[in-house]
Amino acid sequence: MNKIIKRLLASTLAVGMTACSSDYLEQPPIDLVSDDAIGNSVEGARAALYGICESMFISYGADYTERFGNGEAYFQTFYGDAPSPDAAFTFLYGSQKEFQAWAWMTRDTGNFSRYAWMYGYNIINQANVLLAAIDGVPGDPAEVKFIKAQALTMRAHGYIRLMQVYGPRYEDRDNGNALCLVLRTTPGSDPAPLVTYNEVMAQIYKDFEDAIALYNESGKSRTKGFEPDINVAKGLYSRILLMNHDWAKAEQMAREAREGYPIMSAADYIAGFGTANSEWLWYNDYNKTYNGYNSWGASYSCNGAYATAYDWAGGGAISWKLYKEIFNRNQGDVRCELYWTPDKANLHVDYGFEEKDFWDSGVVYPERMNMFLVDPYMTASIALWAMDITPEGYDKTSMLLDGYSIPDIVSAVTGGALEAPDAVNCQNPQYVQTLASVFAGALGATRVQFGQQAKFWSDAAAMGDAQHPFLRAGELILTEAEAAAEQNKDDVAQNCLNELNSNRMSNYTCSLTGDALKEEIRLYRRMELWGEGDSWFSFKRWNVTAKREIWKENDPTSNNFLPAYEGTYDPSYSNGWRYEIPKSEKDYNNIINSQLNK
């Protein structure tokens, strides 16, 4: 057994270098445990399982400009959000910007063409190592079953992520015969052929069914939020079922997965997506020692150490078109409070701003969609909104000032002559001018985008560490609604929407049916899950065109995307929105080449 485990560990450690080629990014080990421990004790198997889970929130590289590789949250942001028509990341650096322009989809070289491939197969290979050994581990049989169920869940998750990026839509599956992925269910990375859509789906289904049975047989529960359990397995299962148009099963799994996870209140929704709450089923560990400046929060939370200060990072902004559609339906929707938009400009002080002013280059820097330090009154207004929306426990100015407090900066620059902004002193023109000059002098790089999000927060003192939702009940109730509507079970879908939205606004009642109901579900899915890595995957699944409209001077009917990110992408684009299999994999795996070149 020990020799087998040692060989399996070696193959897993080499995944990054051999699964796709010798120049692949080096992967972390399963965990800092010996091969003897993995094969000879439940504790060792548990440590190995934790290692697989932790590979979802550790750093895979140290390229600061690409912020390359902080696991699941990074995958969600760049593959699930950046190419979507709902999210604008105007401060991204170089090659990151090309996610917004859909350029990476059609390439087979470069880090971003292969990161998703590497990430998915790293999880799969680690799970395969553990699964190959788990049945021989001595100890509590119930615990062994539970760990095996968790490893199966992780392997299925890896395949789901790969299918979302490299796999075909249901409509493009060629009756399930379309080739898509390499199927690996045992350790190792020897060359292997691409298999069909149906074969991958069958394996994912089997892994989840086997995992659910083992969870039930074990009677065990997890102890950490980053571990999968039966609810997580059912929730992830519902994702692939939705992709596969398996509506009845998707509805069932989504409903069962969210049992015990009630929809969070409006107050909880705006309390800062930085610490898990009762609605989150699955999320990363919170440990200040993990990633440091490479953490997801450092660059992509609204107050991260890099998020407002450098070209390679940015908290992101919501599409004005999406926002306005939601806002016009119900101005009491709490989700709308989390974005810097025209309705906030006179929130505390009436500066006389109108919606049309957001399309004036005197208050918006059009090359960046930056609205901070452009016009002093707009700057003051943003500062007040930011302090107002900052959740309890966070520095009330960290969203704007990179973790530094206004009083500290003001004291350093003016000798204490200027107090922190409030609604009273921000009515004083001289104060506002001084405030803007203090900001500019202290942190000239500070920026806030048109549509800036204040949804995701991090511990700025810990260089941006934060918990990030990998799966929560809000997604599941919308999955249940979508699957029910596709079966013409309009009453079930309506009830799901009513349950969700009654916790986001007052006086919401859905009585829509048919196609109108399906569109309502899609709209609220885009708003509810904004920034959680769902949008682009959903547009792909819906088999609809994605359109991004740009900001145009003096045209309030335009949107808030930069010209470089304008685009209309119909379902046929890039072979049905499929990323190319990385060249490094094709170079190494000559079996794939022979298949693709037929």
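How many aromatic pairs does the structure hold? In this predicted model, the structure holds 53 of them. Before these pairs are taken up one by one, it helps to consider the chain as a whole and the confidence with which it was modelled.

The chain has 598 residues, of which 63% are buried, and it contains 25 helices and eight strands. Among contacts with a separation of 6 or more, 72% are between residues that stand 24 or more positions apart. The exposed surface of the chain comes to about 20600 Å², and 48% of this area is supplied by carbon and sulfur atoms.

The mean pLDDT of the chain is 87, with 85% of the residues reaching 70 or more. Residues 1-34 have a pLDDT below 50, although in the model this stretch has 80 contacts beyond near neighbours in sequence. Where pLDDT is low, the predicted coordinates should not be read in detail.

To return to the aromatic residues, a pair of rings is described by the distance of the centres and the angle of the planes. The structure holds 53 aromatic pairs, and one of them is formed by tryptophan 282 and phenylalanine 470, whose rings are edge-to-face, with 5.8 Å from centre to centre and 85° between the planes. This pair links distant parts of the chain, since tryptophan 282 belongs to strand β4 (residues 280-283) and phenylalanine 470 to strand β6 (residues 469-472), 188 residues apart. Tryptophan 282 and phenylalanine 470 are both buried.

A tilted aromatic pair is formed by tyrosine 394 and tryptophan 457, with centres 5.4 Å apart and an angle of 45° between the planes. Here too distant parts of the chain are linked, but the two residues lie in loops: tyrosine 394 in the one between α15 (376-389) and α16 (398-401), and tryptophan 457 in the one between α18 (429-442) and β6, with the two positions 63 residues apart. Tryptophan 457 counts as buried because its relative accessible area is 0%, under the limit of 20%.

The loop between α18 and β6 also holds lysine 455. Is lysine 455 buried or exposed? Lysine 455 is buried, because its relative accessible area is 1%. Lysine 455 lies over the face of phenylalanine 273, at 4.8 Å from the ring centre, and its side chain is joined to that of tyrosine 269 by a polar contact of 3.3 Å. Leaving out residues up to four places away in sequence, lysine 455 touches Tyr269, Gly272, Phe273, Leu338, Tyr339, Arg472, Glu528, Leu529, Trp530 and Glu532. Elsewhere in the chain, arginine 173 lies over the face of tyrosine 170, at 3.7 Å from the ring centre.

Several helices contribute buried residues. In helix α11 (residues 247-257), the buried residues are Trp247, Ala250, Glu251, Met253, Ala254 and Ala257, and what covers them includes the helices α9 (197-218), α10 (230-243), α19 (473-486) and α20 (490-501), together with β4. Strand β4 is also where tryptophan 282 of the edge-to-face pair is found.

Serine 381, in helix α15, counts as buried because its relative accessibility is 4%. Apart from neighbours within four places in sequence, serine 381 is in contact with Trp340, Lys344, Ala345, Asn346 and Tyr351. Alanine 298 is part of helix α13 (residues 296-300) and counts as buried because its relative accessibility is 0%. Between alanine 298 and glycine 314, which are 16 residues apart in sequence, the C-alpha to C-alpha distance is 9.3 Å.

Two asparagines deserve a look for their backbone angles. Which phi does asparagine 175 have? Although asparagine 175 is not a glycine, its phi is positive, at about 55°; the residue is located in the loop between α8 (141-166) and β2 (179-182). Asparagine 175 is exposed, because its relative accessible area is 61%, over the limit of 50%. Asparagine 507, another residue other than glycine with a positive phi, has a value near 65° and sits in the loop between α20 and α21 (514-528). Asparagine 507 is likewise exposed, because its relative accessible area is 78%.

Terms used
Residues are numbered from 1 along each chain as its sequence is written. Side-chain values use heavy atoms; hydrogens and water are left out. Rings of Phe, Tyr and Trp (its six-membered ring) pair if their centres lie within 6.5 Å; planes under 30 degrees apart count as stacked, over 60 as edge-to-face and the rest as tilted. Helices (H or I, at least four residues) and strands (E, at least two) are DSSP runs, numbered from the N terminus. Buried means under 20% relative accessible area, exposed over 50%, partly exposed in between (1.4 Å probe, protein chains only). A charge sits over a ring if NZ of Lys or CZ of Arg is within 6 Å of the ring centre and within 35 degrees of the ring normal. pLDDT is the predictor's confidence in each residue, from 0 to 100. Contact means heavy atoms within 4.5 Å. A polar contact is a pair of N or O atoms within 3.5 Å; within protein, one must be able to donate a hydrogen and the other to accept it, and residues adjacent in sequence count only if both atoms are side-chain atoms. Accessible areas come from the Shrake-Rupley method with a 1.4 Å probe; for residues, only the protein chains shown count as cover.
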